[in-house]
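Student: Hi! Could you walk me through the ligand site in this one? I'd like to know what I'm looking at.

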Amino acid sequence: MAQSLLKTEQLNNFIDGKWVETNESAAVVNPANGETIVNVPLSDDGSVNTAVEAAKKAQKEWALVPAPQRAEVLLKVGQMMKERKERLSQLLTMENGKVLEEARGEVQEGIDMAFYMAGEGRRLFGHTTPAELPNKFSMSQRFPVGVVGIITPWNFPIAIATWKSFPAIVAGNAVIWKPATETPIMAYELAKIFEEAGLPKGVLNVVYGKGSSVGDAMVNHDDIRVISFTGSNDTGRHIASECGKQLKKVSLEMGGKNAVIVMDDADLDLAVEGIIWSAYGTSGQRCTAASRVIVHEDVKERLEERLLVEIEKLTIGDGLDEANKVGPIINKAGLEKIQKYTQIGREEGASMIAGGYVLDEGDYRKGHYFAPTLFTDCTPDMRISQEEIFGPVISLIPVKSFEEAIEVNNGVTFGLSSSIFTTDANRIFKAQRDLDTGIVYVNAGTTGAEIHLPFGGTKGTGNGHRDSGVQALDVFTEWKAVYVDYSGKLQRAQIDTE
Ligand code: NAP
């Protein structure tokens with residue numbers, strides 16, 4: 001099926017508007033059934049150097065194209081993504097494993113981002129402000145940075161790339177994009193769309209290859225002035241320290257240990273729906289996935305009972321079969337990590353009341369599947385309550401009060417997303433103020449970000465930047481302050497003001 005959709009067995013780099021072959025490549029495997037879908041190039045620093053040279057040249061001209069005209073390309077890209085949505089979604093499910101309904105949602109996020117960022121072509125607002133001296137004008141403007149590097153993970157192969165590349169392109173930058181080797185197809189499809197939409201050659205370049213070669217070469221290239229990275233904390237820390245040595249701007253979006261708080265006054269049916277969707281959707285492989293449930297002790301038993309009923313109903317299997325609600329884990333390493341944490345949970349004394357095992361019988365044997373898992377009676381300091389597992393595993397932590405729930409939520413090194421189920425208006429307002437995360441949901445699970453709001457986290461989740469929203473432009477632009485003195489004489493700021 002992949003072949004009938006893709007029409008190629010070999011992906012190529014997209015450099016300077018051309019599809020460029022490489023010597024080495026690796027097989028891309030469908031995590032649902034172990035079948036090879038396509039081969040992905042394994043490039044080296046030579047490809048990065050060629051792409052940067054092309055990008056430098058293209059960027060000079062692209063920056064001079066009026067932003068509303070740059071935006072026209074994004075409008076076309078959004079329209080083409082819309083027309084190809086079903087095809088893109090099916091390919092996304094094949095390379096990543098997430099169920100088709102979620103894949104459609106992810107592609108839609110990219111479409112939304114295209115139209116939203118196209119609008120920025122007519123805004124890209126700066127400020128005008130009064131000058132402190134007479135006959136003087138002052139303003140601030142955004143300017144492109146130049147050539148920017150984006151490095152993306154496998155868990156959102158298209159949405160995250162659009163959060164980064166669309167604002168970069170509309171702001172007048174040229175992009176070098178290294179997609180995750182695990183999921184290269186969305187990059188191929190998006191580059192083809194840009195090519196057909198008429199983006200000048202060299203403005204978007206896709207270089208495939210391992211993080212340790214292509215990613216590293218990008219991070220260390222003098223002419224790539226920004227690195228925008230989404231992925232794990234280990235990789236992010238490494239990239240940040242390398243960029244720090246070069247005084248290179250770096251934007252990091254990394255892991256989470258997101259919690260749903262369920263108070264004693266919550267609508268429990270709604271809370272259960274929210275938990276199941278945000279904990280087990282995408283098999284828990286979302287940076288915003290709920291992996292902790294912090295529950296008031298008075299409703300703990302009732303919540304557990306209802307969760308167990310809903311877990312039992314979850315259908316697990318190939319995401320292309322629309323009967324399935326939970327897809328596979330991305331690869332064997334991911335599966336082993338989840339298994340390791342369930343063992344840790346047992347050893348720490350948490351009670352495992354659902355799941356906890358690899359599904360490896362019948363058709364499951366061909367892919368990587370893990371049963372939705374629920375640990376209860378966890379304490380906040382257990383490793384399964386603190387560390388990112390990145391799988392369908394919930395650690396349920398009982399608390400005695402609203403204040404304790406907030407404290408437990410904030411007592412982790414991450415700060416991406418949090419959620420609270422309560423019907424008390426005072427608690428709602430206190431919670432949105434006190435939950436120390438970049439995203440807060442009230443009476444909804446921990447997932448479901450919309451692209452026109454800033455996406456990112458506090459503390460160990462990032463370094464203060466945001467993807468999506470108008471805030472994404474800050475990563476890809478430099479502010480310039482411009483003073484125009486029309487007094488005809490030298491006026492000295494702070495001195496000639498009296
Ligand atoms: P990862 O292993 O850190 O990989 C992310 C990207 O970095 C991949 O393209 C990878 O390339 C590349 N990379 C690896 N080593 C590198 C190096 N030394 N230099 C430059 N690039 C390098 O993360 P992942 O496993 O793909 O993604 C899962 C993680 O992403 C989770 O922790 C999740 O929470 C996080 N995430 C965060 C957000 C957010 O917005 N906060 C969103 C989604 C995911 P290769 O894999 O091709 O080698």
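**Around the ligand**

Tutor: Happy to. Start with Lys178: an N or O atom of its side chain is 2.9 Å from an oxygen atom of the ligand. Keep in mind that this is a predicted model.

Student: Good to know. Which other side chains have an N or O atom that close to a ligand oxygen, say 2.5 Å or 3.1 Å?

Tutor: Thr181 is the one at 2.5 Å from an oxygen atom of the ligand. For Trp154, the distance from a side-chain N or O atom to a ligand oxygen is 3.1 Å.

Student: And how much of the ligand does the protein cover?

Tutor: On its own the ligand has 910 Å² of accessible area, and the protein covers 87% of that. The ligand takes up the space of the largest pocket.

Student: Which elements give two or more residues to the shell around it?

Tutor: Those are helix H8 (211-219), strand E10 (226-230) and helix H9 (233-245).

Student: Which residues come nearest to the ligand?

Tutor: There are 30 residues around the ligand, and Thr152, Thr181, Ser232, Met254 and Glu388 come nearest.

Student: What's the mix of nonpolar, polar and charged residues in that shell?

Tutor: The shell has 13 nonpolar residues, twelve polar ones and five charged ones.

Student: Why does the ligand lie between domain 1 and domain 2?

Tutor: Because both domains give residues to the shell: domain 1 covers 2-254 + 462-481, and domain 2 covers 258-442.

Student: Changing topic to the backbone. Which residue has a positive phi of about 60° although it is not a glycine?

Tutor: That's Phe390. Most residues other than glycine have a negative phi, so it is worth a look.

Student: Where does Phe390 lie?

Tutor: In the loop between helix H13 (383-386) and strand E18 (393-399).

Student: And what about the phi of Lys459?

Tutor: Lys459 is not a glycine either, yet its phi is positive, at about 45°. Lys459 lies in strand E22, residues 458-459.

How values were computed
Residues numbered from 1 in each chain as written. Predicted model: local features only at pLDDT ≥ 70, side-chain atom pairs only at ≥ 80, totals over all residues. Heavy atoms only, no water. Near = heavy atom within 4 Å. Polar contact = N/O pair within 3.5 Å; in protein donor to acceptor, adjacent residues only side chain to side chain. Areas by Shrake-Rupley, 256 points an atom, 1.4 Å probe, with all protein chains shown as cover. 1 Å grid on protein atoms, 1.4 Å probe; cavity = no way out; pocket = protein on both sides within 12 Å on 5 of 7 lines; lining within 4 Å. Sits in = over half its atoms within 2 Å of the grid points. Helix = DSSP H or I, 4+ residues; strand = E, 2+ residues; numbered from the N terminus. Nonpolar A, V, L, I, M, F, W, Y, C, P; charged D, E, K, R; others polar. Domains from an automatic or database assignment.
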